[in-house]
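Morning, everyone. Here is the model I want to walk through today, from the overall numbers to helix packing and then salt bridges.

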Amino acid sequence: MDVAAVNQLGGPGLIVEIDESLFFKRKYNVGHNVEKHWIFRAFDVTSKKGYLRRVEDRTAQTLVPIIQQWVAPGSIIHSDQWASYTKLNNLGYNHFTVNHTINFVDPDTGASTNHEKRVVLVSDETKVKLLTQDGSNGWMEGPAIAGWFEKTFANIVTLSQKMSHQRSSLLSFFIYNTDYGNREGYEEEKILLYIPQEDSLDRKVKTVGLCQALSQFVMIFNPSHSCEVMVTQKMKQYFLNPEKNFWIVLTLSIPFVEKINKDKKVSEYLPDEVQDSLGKASLQLAYDMFVLFNGTLTFILNTVGLESLKERLEYFYTRYLQTLNFGQLDILDVYQGITYLPLNKNDFLKVNCFSNLVEATFKSVRHVCLLYNDQLIWTTLNCNNLKILYKYLTSSLLQPSAEDETIKKLSPNTSLKSSPNGFYPNSTNNYNVSNSGRFVTGFVEIASLDSGSPKRAPRVFVDVNGLPCELNLIVYKACNLVFCLIVDLQSLNSELCTKIHKMIGPQLSTLSNVFTEQVLKRSSTPLEQQFTFVYFNSMNLAIKSSIYTRRSQSNVSNVSPEIMQMLIDLHEDFDSFKIDGEIIAKYTSDWWIVGKRSKFREFFVVLNQKNATIVEINEEVSQLISSNFSNIYL
């Protein structure tokens with residue numbers, strides 16, 4: 001039996017902390033003559049199990065095979081910045097580091113390890129129990145070793161338990177309208193939504209009143225520019241004025257680290273760890289997603305009244321905000337781009353003809369959208385509508401495992417009668433009409449030949465001829481293709497769905513086979529990529545990136561959190577300069593980041609070149625662009 005396989009530490013999403021320590025033993029228990037041994041150690045902070053092994057050195061050739069043997073793939077590994085660990089992200093692990101010369105706990109990721117290299121004098125009795133079997137490795141057993149192990153790793157467990165408090169988190173989210181609550185004693189009337197709901201009314205009124213006063217104060221100096229961000233020691237507040245007299249405010253906590261100063265714990269807050277572009281993007285997306293499924297705030301207020309608006313806001317945001325993780329946002333969340341599937345001319349014409357045929361056959365169809373494995377092929381939507389719909393499709397509706405888990409959290413038994421329009425459709429069943437295709441969303445009363453029915457087609461608000469219209473979203477899937485039809489409300493019935501299935505099912509199956517062959521041809525001879533890049537075009541929202549590598553069902557980042565933070569900082573620099581240009585930055589150790597912006601295009605590349613000069617880096621990036629991105633003007 002493979003002992004390592006049975007007793008592997010960690011697992012997908014579980015934290016394992018690794019470190020090396022130098023151990024000493026006095027020869028003959030006298031004098032200062034000592035024997036030195038390097039001990040590699042790993043600790044699973046969930047199961048509280050650990051593994052020690054004596055190693056000859058700390059090279060990658062020695063340590064990496066041990067990690068692969070004893071730490072399960074998909075684990076989150078915390079370590080120091082020892083060079084032997086730099087390739088762990090490429091081996092199926094999520095690797096985070098902490099610089100012990102600066103922090104005990106990494107302020108960005110919460111990563112921690114044993115923060116000092118303990119020098120331990122090991123007695124003969126302890127040594128026998130520690131170095132078991134062949135004298136080189138073993139699981140620790142016995143009270144003496146267990147006590148030593150618990151003491152040695154006590155600080156690691158403590159720091160790991162604090163990790164969740166080190167990342168940025170949601171403190172509050174509220175929406176108010178300045179047209180209401182202007183009389184003394186009636187200030188609470190301006191509050192349309194306030195989360196957390198358990199806060200006292202007095203606290204809600206004071207918080208909203210302070211934000212209103214601040215925004216009004218800023219506009220005294222520049223009436224055309226409203227307040228966007230307020231920073232205090234412990235939090236950041238982001239303001240959005242999306243419609244006249246409506247304000248949305250998002251409050252995030254600022255991470256902190258605890259340090260010892262004169263025997264006292266001192267909290268040092270790190271406001272730069274909460275990057276403004278991420279906060280603004282999250283707030284804008286929260287508003288846009290609500291509008292997609294409910295319409296604008298002004299539209300709801302004018303059509304169904306204030307109380308109904310409050311109900312819809314509460315129903316939507318109490319569920320939507322649960323799906324966000326503010327501690328794991330990155331530059332892709334800033335861009336909110338769309339991945340396109342490249343096609344040759346003939347296949348593109350086939351798709352174009354197919355789309356035109358569908359719209360000509362079904363007069364109630366206002367827009368269509370075609371995707372292949374989350375990659376966009378064709379759409380008639382404008383960019384603003386497409387960006388939000390694409391986000392909804394790829395991040396929730398077309399992600400079965402994630403969707404099912406999310407819907408469980410969001411009260412799946414709630415009917416649309418109690419919610420005029422929710423973020424997620426009600427039913428969790430998929431409607432399999434036949435092997436050629438199935439409805440993901442559609443008319444719920446269709447009788448199924450197999451089992452189940454489609455999810456209720458959600459109502460969405462998209463532009464038709466320049467004006468927002470309330471329509472139904474029908475989603476039909478065949479093989480790897482997803483076809484979205486946005487149709488008139490009154491046209492959704494079983495007859496329409498039956499006709500759609502008979503016409504679209506066989507066509508999509510044929511197209512899916514064609515596209516799959518193309519994708520397989522392109523991926524049959526993969527090139528070993530020695531660089532990490534991200535490209536974004538704000539004109540068509542096209543994004544290409546190698547930041548993440550898909551492994552099984554999870555995405556593994558190819559860059560460290562520190563590099564990710566620098567990418568966002570450089571993006572913000574481009575936005576603040578508002579000019580085209582180039583930025584070259586050198587991070588500590590071996591990493592270079594080169595950024596280029598040309599009109600609506602933005603491009604970043606990350607290179608690992610230890611001894612390169614800025615001239616050499618510039619030449620290498622120029623060659624890289626000419627050989628890999630010759631079709632992109634930069």
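Start with the contacts. Take those in the protein between residues at least 6 apart in sequence: 58% of them join residues at least 24 apart. Keep in mind that this is a predicted model.

Now the inventory. The protein has 17 helices and 29 strands. It runs to 634 residues, and 48% of them count as buried. About 31,600 Å² is exposed. Carbon and sulfur atoms supply 51% of that area.

On to helix packing. I have two pairs to show.

The first pair is helix α8, residues 276–294, and helix α13, residues 383–397. Their axes are 10 Å apart, and the angle is about 90 degrees. Angles of 65 to 115 degrees count as roughly perpendicular, so α8 is roughly perpendicular to α13. Which residues make the contact? From α8, they are L285, D288, M289, L292 and F293. From α13, they are I388, L389, K391 and Y392. By class, the contact of α8 with α13 has seven nonpolar residues, two charged and no polar.

The second pair is helix α9, residues 297–304, and helix α10, residues 306–320. Here the axes are 7 Å apart, and the angle is about 135 degrees. How does that count? Roughly antiparallel needs an angle over 145 degrees, so α9 is oblique to α10. On the α9 side, the contact uses L297, I300, L301 and V304. On the α10 side, look at L306, S308, L309, R312 and L313. Sorted by class, the contact of α9 with α10 has seven nonpolar residues, one polar and one charged.

Next, salt bridges. How many are there? The count comes to 14. I'll pick out a few.

First, E20 and R58. Their side chains meet in a salt bridge, at 2.9 Å from N to O. Where do the two partners sit? E20 is in strand β1, residues 15–26. R58 is in the loop between β3, residues 50–55, and α2, residues 60–70. The pair links distant parts of the chain, with the partners 38 residues apart. Buried or exposed? E20 is buried, and R58 is buried too.

Second, K206 and D202. These two form a salt bridge, with the closest N and O atoms 3.3 Å apart. Both are in helix α7, residues 201–221. They are four residues apart, so about one helical turn separates them. Now check the accessibility. K206 has a relative accessible area of 57%, and the cut-off for exposed is over 50%, so K206 is exposed. D202 comes in at 47%, which means it is partly exposed.

Third, E307 and K310. Their side chains meet in a salt bridge, at 4.0 Å from N to O. Both residues lie in helix α10, three residues apart, about one turn of the helix. K310 has a relative accessible area of 22%. Buried means under 20%, so K310 counts as partly exposed.

One more item on salt bridges. D575, R597 and E602 are joined into one network by salt bridges that share partners.

To recap the pairs on the screen. α8 is roughly perpendicular to α13, while α9 is oblique to α10. E20 and R58 are buried, whereas K206 is exposed. That's my tour.

Definitions and conventions:
Residues numbered from 1 in each chain as written. Predicted model: local features only at pLDDT ≥ 70, side-chain atom pairs only at ≥ 80, totals over all residues. Heavy atoms only, no water. Axes fitted to C-alpha atoms, helices over the stretch in contact; angles between N-to-C directions. Helix = DSSP H or I, 4+ residues; strand = E, 2+ residues; numbered from the N terminus. Parallel < 35°, antiparallel > 145°, perpendicular 65-115°, else oblique. Contact = heavy atoms within 4.5 Å. Nonpolar A, V, L, I, M, F, W, Y, C, P; charged D, E, K, R; others polar. Buried < 20%, exposed > 50% of the residue type's maximum accessible area, 1.4 Å probe, protein only. Areas by Shrake-Rupley, 256 points an atom, 1.4 Å probe, with all protein chains shown as cover.
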